[in-house]
Amino acid sequence: MRSLAYDLEFREQSTRIRDWGAGLLLLAALLWGWCGFLLLTDYSAETSGGRTVACSSRLFTEGSTANEGRARGDYCAAERDWPEVLAVLWLSVPVSIVGTALFTTGLVSKRMSAHAQAVRELDRLAERPARGPDPS
């Protein structure tokens, strides 16, 4: 039964591909969580004088504290820069696309293999001669 061994190996490979996809989707979710953390939490910044200034979150700031920069003597803008948040967000996009493709490929391959096995079983049952009553 070489086809059975091939089918089992195919299903194992499909499971590995699906698991890689799930891992990449988990990584993308962690990157989204990190992006949300950077945007939604309060933070502190250290001034050139060595004191610490409390800064409000990037999304919920009132006024220009997070957006004006050091030109006005504000150190909050330089501590959590928008490019860092956007870099995390952009990094999550290809990770989630590849993860979705791998997860879907692995899942569909495994399901198709199970379907093909079920069809083979049905064909094998249909080819059996029908047993009638025993003439003896």
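Me: Which residues of strand S1 form its covered face?
Reply: Happy to start there, and keep in mind that this is a predicted model. In a regular strand, side chains alternate between the two faces of the sheet. Strand S1 covers residues 43-46, and its uncovered face holds Ser44 and Glu46. That leaves the covered face to Tyr43 and Ala45.

Me: Which residue of S2 is the bridge partner of Tyr43?
Reply: S1 is joined to strand S2, residues 52-55, by four bridges, and the two strands run antiparallel. Within that pairing, Ala45 stands opposite Val53. The bridge partner of Tyr43 in S2 is Cys55.

Me: Which residue takes a positive phi in the hairpin of S1 and S2?
Reply: Five residues lie between the two strands of this hairpin. One residue of the hairpin has a positive phi near 95°, and that residue is Gly50.

Me: What pattern does the protein chain follow along the sequence?
Reply: Let's step back to the whole chain. The protein chain has three helices and two strands. Read in sequence order, these elements give the pattern α-β-β-α-α.

Me: How far apart are the end C-alpha atoms of helix H3?
Reply: Helix H3 takes in residues 82-127, which is 46 residues. At 1.5 Å a residue, a helix of this length should span 68 Å. The model agrees with that expectation, because the end C-alpha atoms of H3 are 67 Å apart.

Me: Against which helix do the buried residues of H3 pack?
Reply: The buried residues of H3 include Val85, Val88, Ser92 and Val95. Gly99, Gly106, Ser109 and Ser113 are buried in H3 too. They pack against residues of another helix, 2-40, which is H1.

Me: Is Ser92 buried or exposed?
Reply: Ser92 is found in helix H3. Leaving out residues up to four places away in sequence, Ser92 touches Ala28, Leu31 and Trp32. Its relative accessible area is 1%, and buried means under 20%, so Ser92 is buried.

Me: Which residue has its backbone oxygen 2.6 Å from a polar atom of the Ser92 side chain?
Reply: The Ser92 side chain has a polar atom, and a backbone oxygen lies 2.6 Å from that atom. The backbone oxygen belongs to Leu89.

Me: Which helix gives the most to the largest nonpolar core?
Reply: The largest nonpolar core has six residues: Leu31, Cys35, Leu38, Leu39, Val85 and Val88. At least two of these residues come from each of H1 and H3. With four residues, the helix that gives the most to this core is H1.

Me: Which residues is Val85 in contact with, leaving aside its neighbours within four places in sequence?
Reply: Val85 is one of the buried residues of H3, and the largest nonpolar core includes Val85. Away from its sequence neighbours, Val85 is in contact with Cys35, Leu38 and Leu39.

Me: At which residues does UniProt place the feature "transmembrane region"?
Reply: In the model, residues 20-40 are 100% helix, with end C-alpha atoms 30 Å apart. Residues 87-108 are also 100% helix, with end C-alpha atoms 32 Å apart. The unreviewed UniProt entry places the feature at these two stretches, 20-40 and 87-108.

Me: What share of the protein chain do buried residues make up?
Reply: The protein chain has 136 residues. Among contacts between residues at least 6 apart in sequence, 57% join residues at least 24 apart. The share of buried residues in the chain is 22%.

Definitions and conventions:
Residues numbered from 1 in each chain as written. Predicted model: local features only at pLDDT ≥ 70, side-chain atom pairs only at ≥ 80, totals over all residues. Heavy atoms only, no water. Expected span 1.5 Å × (residues − 1). Buried < 20%, exposed > 50% of the residue type's maximum accessible area, 1.4 Å probe, protein only. Contact = heavy atoms within 4.5 Å. Polar contact = N/O pair within 3.5 Å; in protein donor to acceptor, adjacent residues only side chain to side chain. UniProt positions renumbered as here; feature names shortened; annotations may be inferred. Pairing = 2+ DSSP bridges. Core = buried A, V, L, I, M, F, W, Y, C linked by side-chain atoms within 4.5 Å.
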